[in-house]
4 protein chains.
Amino acid sequence: YGKNTIKFLRLHREGKKHFVKEVEVCTHLRLTSAQEYLEGNNSLVIPTDTIKNTVLVLAKKNGIPTLEQFAIDICKYFMTTFCQVAYVKTYVQEVPWQRLHENGVPHVHSFICVPDGIRFCEAEQCRNGPLVVFAGIKDLKLMKTTQSGFEGFYKNEYTTLPERHDRILCGELFCKWSYGECKDFDFDCIWYTNKIRECILEAFAGPPDCGEYSPSYQKTVNSIQMLVLSKVSQVQVIEVILNNTFYNVVDMKNLGLTNDKEVLVPVETPYGSCACTLGRKKFLEA
Amino acid sequence: YGKNTIKFLRLHREGKKHFVKEVEVCTHLRLTSAQEYLEGNNSLVIPTDTIKNTVLVLAKKNGIPTLEQFAIDICKYFMTTFCQVAYVKTYVQEVPWQRLHENGVPHVHSFICVPDGIRFCEAEQCRNGPLVVFAGIKDLKLMKTTQSGFEGFYKNEYTTLPERHDRILCGELFCKWSYGECKDFDFDCIWYTNKIRECILEAFAGPPDCGEYSPSYQKTVNSIQMLVLSKVSQVQVIEVILNNTFYNVVDMKNLGLTNDKEVLVPVETPYGSCACTLGRKKFLEA
Amino acid sequence: YGKNTIKFLRLHREGKKHFVKEVEVCTHLRLTSAQEYLEGNNSLVIPTDTIKNTVLVLAKKNGIPTLEQFAIDICKYFMTTFCQVAYVKTYVQEVPWQRLHENGVPHVHSFICVPDGIRFCEAEQCRNGPLVVFAGIKDLKLMKTTQSGFEGFYKNEYTTLPERHDRILCGELFCKWSYGECKDFDFDCIWYTNKIRECILEAFAGPPDCGEYSPSYQKTVNSIQMLVLSKVSQVQVIEVILNNTFYNVVDMKNLGLTNDKEVLVPVETPYGSCACTLGRKKFLEA
Amino acid sequence: YGKNTIKFLRLHREGKKHFVKEVEVCTHLRLTSAQEYLEGNNSLVIPTDTIKNTVLVLAKKNGIPTLEQFAIDICKYFMTTFCQVAYVKTYVQEVPWQRLHENGVPHVHSFICVPDGIRFCEAEQCRNGPLVVFAGIKDLKLMKTTQSGFEGFYKNEYTTLPERHDRILCGELFCKWSYGECKDFDFDCIWYTNKIRECILEAFAGPPDCGEYSPSYQKTVNSIQMLVLSKVSQVQVIEVILNNTFYNVVDMKNLGLTNDKEVLVPVETPYGSCACTLGRKKFLEA
């Protein structure tokens with residue numbers, strides 16, 4: 001049980017310059033006993049309202065140095081404070097506020113919401129177990145208008161899909177990776193120095209002047225995983241899900257026109273989905 | 001990988017009387033090899049477009065006798081037809097069309113959408129493993145305006161929640177149960193004869209003339225599980241998630257009025273969530 | 001300016017039996033002056049927070065006898081209390097809670113949310129003008145699987161739609177009618193006695209044993225309007241919008257199968273929309 | 001009647017460099033006669049499927065030079081081609097694809113979706129009337145963390161809002177302006193040269209080093225309108241709607257802490273809304 005979507009804004013001021021961090025937090029607990037389920041005995045139950053208060057208090061006291069550190073702080077607090085807690089998990093997601101700029105000058109206290117990929121993280125711990133930290137990015141919508149195909153696939157009597165060597169590849173990415181057991185990482189440093197987001201974009205798009213051919217969604221997913229694992233040593237395992245939107249070239253023959261992939265219609269349902277989890281030594285596919 | 005939200009309507013006619021079953025299907029496969037990820041070799045990949053075609057063909061040929069049987073048919077088809085399939089999972093969800101009635105007379109071909117709980121099911125199979133079937137109901141929003149409280153809970157310095165013995169209990173239920181290894185069940189017969197939906201409502205609400213006191217969301221969740229397990233012998237394990245909306249009694253003192261739980265405001269975020277999985281011999285809590 | 005989606009529950013008790021009315025209210029005002037816009041002078045501005053408080057206080061004091069009466073009460077309150085108000089409009093929409101029944105017995109305090117059409121109303125008044133009341137139903141999803149066609153339409157070089165005399169008609173209805181200048185109506189009595197919802201369903205579906213042929217969405221919209229106007233004398237003008245979902249018969253020829261309108265796929269975007277407003281003295285707009 | 005959300009992508013290639021314009025189009029017509037409503041005579045009805053085909057054909061033939069020009073092309077086509085059309089309106093909205101950059105180098109064919117405000121436009125024409133063009137931006141979420149207050153407002157017995165001279169101002173902007181009767185405008189030139197979007201951001205935020213005090217949402221709305229009207233001579237009338245999210249400073253006294261506007265909770269419902277339309281010759285509505 002737990003509390004979902006605890007939304008709040010943490011405002012930090014340095015003189016006239018303001019810094020905002022708005023987040024949504026979900027914190028879930030499992031208790032060592034189940035008497036509240038079986039007997040209606042609530043004596044060990046920490047109310048979800050108290051969970052919410054605790055999250056707000058920790059934000060007030062510690063601030064949000066990084067999303068990951070904040071998730072760790074919450075897990076540690078619950079595990080060390082309450083002996084009836086057997087397991088704790090905390091998910092933190094950021095509202096993508098960016099500082100406004102006017103003619104290149106950053107504004108001291110004005111922000112705009114730019115949802116081009118949402119950063120999130122997760123920390124979890126079982127009693128007597130390690131504290132494990134995950135991070136990720138979701139709702140990242142990307143498109144390449146060429147250098148994508150799908151050929152040589154398995155065919156049977158229900159196959160009507162033609163082979164294509166030049167199609168649009170468009171999809172929404174969900175990437176989540178594990179930093180393994182929690183060490184004294186500076187998570188924002190890893191994020192920014194290693195340019196994880198840039199890695200993902202680069203692996204998807206290829207070189208700016210010519211791109212790189214993708215023979216399938218699966219291979220694109222794998223390319224993203226390989227590049228992140230090779231560039232960011234702290235990442236242990238990375239899961240990528242690519243939900244793709246198919247773009248159908250409109251057949252205009254009966255309208256008296258030739259359509260050379262100029263007008264395409266997105267097919268939003270049904271959509272294909274391709275997920276893979278890749279680790280350092282072995283790989284796992286889902 | 002797979003295809004999500006394959007939506008279609010299966011229309012069945014008996015003379016002038018029409019029967020509709022509109023569903024959303026998600027089918028996911030895992031292959032025995034990963035060469036498409038690693039090498040871009042698609043020769044074993046069954047395109048998600050073929051998956052979609054197959055689902056439509058099976059609907060055409062077999063109809064949808066029950067949601068569960070249809071999910072089983074799809075899993076069996078993929079497992080027996082393609083030796084490269086290591087695992088298959090199919091989820092089927094129903095659009096809640098109900099036959100229109102005029103003055104109590106059922107209409108032969110007109111329907112209304114009544115989304116008061118969505119029926120769904122899931123079937124999955126690993127190669128050389130059993131075919132396992134799940135069924136459930138989701139998006140079921142219920143409320144009781146009394147006979148609910150929350151008292152005697154654990155308190156610490158961040159507890160501000162008052163004890164209550166008369167509050168509104170309102171939430172959205174997700175229930176999913178396992179029928180275990182697939183046998184020759186008549187799934188609609190189990191559903192309708194055992195009145196599973198009615199069980200859930202009854203366990204939530206209690207007797208119509210007085211209700212039954214709920215000391216916590218946890219206990220209500222457990223009551224639902226116990227009643228379903230006791231009434232429906234085919235159910236092996238049942239998972240229930242209750243996402244609750246808190247109703248806050250508006251403090252009207254500074255408006256010069258007494259508010260005896262007459263005007264309440266729903267607090268939609270954050271919301272509490274309580275999940276439990278209960279089986280026949282042992283219980284597991286999540 | 002104003003306050004949108006003021007959500008609250010009004011609970012009324014008669015002994016052990018409870019009655020709930022949960023609503024969303026939007027109240028908008030226009031002031032006689034614009035000095036707050038031009039000069040930043042707020043002295044006449046009624047804060048939206050006060051608007052919210054006022055709505056809750058009126059709910060506490062008067063209850064919600066009917067949605068329409070509650071909207072009227074709010075408009076009258078603002079118009080008579082504040083001389084700086086030039087115009088007031090209030091929209092009220094109901095959360096569709098229905099009393100639970102167990103084996104036909106109504107439950108004293110348990111309810112289920114059944115969103116098969118949402119009742120709403122609107123009241124508006126200009127200073128020195130009449131108070132006008134509207135009511136309606138929205139999000140009503142209906143389908144008929146035959147007795148619908150579309151033939152004899154205008155054709156040109158960009159017409160690819162075939163003529164059809166047996167198709168599925170499926171859509172979401174929005175109906176809004178005016179009761180004209182506010183009189184001492186018992187709005188629930190009009191609603192229930194005249195069975196407005198049943199009128200709409202009947203005009204859509206036709207007789208239960210055979211239906212009634214619809215030659216176009218337009219004619220179906222008109223049939224609904226004509227029936228409501230003929231049965232409910234208090235309705236002055238009625239607007240109906242029908243947003244339709246096209247169901248495409250899947251071509252299975254290349255899959256080796258004949259599909260006699262048995263498997264159909266809903267096309268959700270783009271969707272057609274057809275709107276018409278019909279009054280008693282014959283004016284017509286689209 | 002008409003067709004809504006006609007979604008398509010128009011791809012334009014210049015050698016290896018690709019340009020994408022993905023849009024959603026809604027086109028609505030009113031006919032000179034109403035015989036399809038009254039008599040079920042469809043002979044003048046242009047099917048919504050033909051409307052869709054026409055939009056796609058015009059996109060193929062003309063491309064989308066600007067959103068506005070494309071909307072004008074559609075309106076002109078229907079008005080000149082079909083004498084039974086009495087009125088036509090077309091709405092066009094853009095999917096915010098932006099070209100990817102790698103280390104500052106623009107990618108030839110890869111794009112990312114960045115929904116920080118959606119550009120849209122509208123064109124409409126009555127037979128024998130002028131073609132009028134509107135443009136706008138919506139879903140633009142902005143926040144300033146100081147330089148905002150609300151004081152000196154009207155108070156009565158239901159006022160509980162305290163006066164504030166330092167609060168967070170956060171809201172979603174909808175701006176729509178009229179270019180008046182259609183002339184041979186280069187709409188993208190007006191958009192980019194006059195930096196309309198930058199005007200809106202600047203009027204909202206004030207100077208980057210100190211901001212500008214906003215005494216109310218109303219005044220901020222007016223500032224945006226005044227700046228756009230003063231900077232962009234082609235704009236005749238501008239409507240701005242600001243839907244604000246209130247940020248509530250969490251009271252932490254009973255948690256033993258002082259909260260100096262460091263932790264705030266967004267209140268998403270109910271939300272205030274403030275709308276104003278301002279023209280060149282001073283008319284004002286709310």
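**Four chains, up close**

Q: How many residue pairs are in polar contact between chain B and chain D, with both residues at pLDDT 80 or more?
A: A polar contact is a pair of N or O atoms within 3.5 Å; within protein, one must be able to donate a hydrogen and the other to accept it, and residues adjacent in sequence count only if both atoms are side-chain atoms. Salt bridges (a side-chain nitrogen of Lys or Arg within 4 Å of a carboxyl oxygen of Asp or Glu) don't turn up between chain B and chain D either, with a count of zero. For polar contacts with both residues at pLDDT 80 or more, the count between these chains is zero.

Q: What kind of model are we looking at?
A: Residues are numbered from 1 along each chain as its sequence is written, and chains are lettered from A and ligands numbered from 1 in the order in which they are written. Side-chain values use heavy atoms, with hydrogens and water left out, while local features need pLDDT of at least 70, side-chain atom pairs count only at pLDDT 80 or more, and totals for chains, interfaces and linings use all residues, this being a predicted model.

Q: Which residues of chain B lose the most area to chain D?
A: Five residues of chain B are in contact (heavy atoms within 4.5 Å) with five residues of chain D. Buried area is the accessible area (1.4 Å probe) that two parts lose on being put together, summed over both, and for this pair of chains that is about 470 Å². In chain B, 65% of what that side buries comes from Tyr158(B), Thr160(B) and Leu255(B).

Q: How much area do chain B and chain C bury between them?
A: Here 66 residues from chain B meet 66 residues from chain C. There are also 34 residue pairs in polar contact, both at pLDDT 80 or more, and four salt bridges across the interface. Carbon and sulfur atoms give 63% of the buried area, and the total is about 5,500 Å².

Q: Which element gives the most residues to the side of chain B that touches chain C?
A: Helices (H or I, at least four residues) and strands (E, at least two) are DSSP runs, numbered from the N terminus. Among the elements that give two or more residues to this side are strand E1 (2-14), helix H2 (48-62) and strand E5 (105-113) of chain B. With nine residues, the top giver is E5(B).

Q: Which residue forms a salt bridge with Lys7(C)?
A: Lys7(C) is buried at 18% relative accessible area, where buried means under 20%, exposed over 50% and partly exposed in between (1.4 Å probe, protein chains only). Lys7(C) lies in strand E1 of chain C and its partner in strand E10 of chain B, so the pair joins two chains. That partner is partly exposed, at 38%. With N and O 2.9 Å apart, the partner is Glu268(B).

Q: Which residue meets Glu268(D) in a salt bridge?
A: Glu268(D) is partly exposed, with a relative accessible area of 38%. Glu268(D) sits in strand E10 of chain D and its partner in strand E1 (residues 2-14) of chain A, so this pair joins two chains. The partner counts as buried at 17%. At 2.8 Å, N to O, the partner is Lys7(A).

Q: How many residues of H2(C) are buried?
A: The expected span of a helix is 1.5 Å times one less than its number of residues. For the 15 residues of helix H2 (residues 48-62) of chain C that gives 21 Å, which agrees with end C-alpha atoms 21 Å apart. Its buried residues are covered by elements including helix H3 (67-81) of chain C and strand E10 (263-279) of chain D. H2(C) is largely enclosed by the rest of the structure, because the buried residues among its 15 number twelve.

Q: Which residue's side chain makes a polar contact with the side chain of Thr159(D)?
A: Thr159(D) lies in the loop between strand E7 (131-144) and strand E8 (169-181) of chain D, and is buried at 19%. A polar atom of its side chain lies 2.9 Å from the backbone nitrogen of Asn156(D). Side chain to side chain, at 3.5 Å, the partner is Thr50(C).

Q: What is the relative accessible area of Ser216(B)?
A: Ser216(B) lies in the loop between helix H5 (196-205) and helix H6 (217-231) of chain B. Leaving aside neighbours within four places in sequence, Ser216(B) is in contact with Glu36(A), Asn42(A), Gly149(B), Phe150(B) and Arg167(B). Ser216(B) is buried, and its value is 0%.
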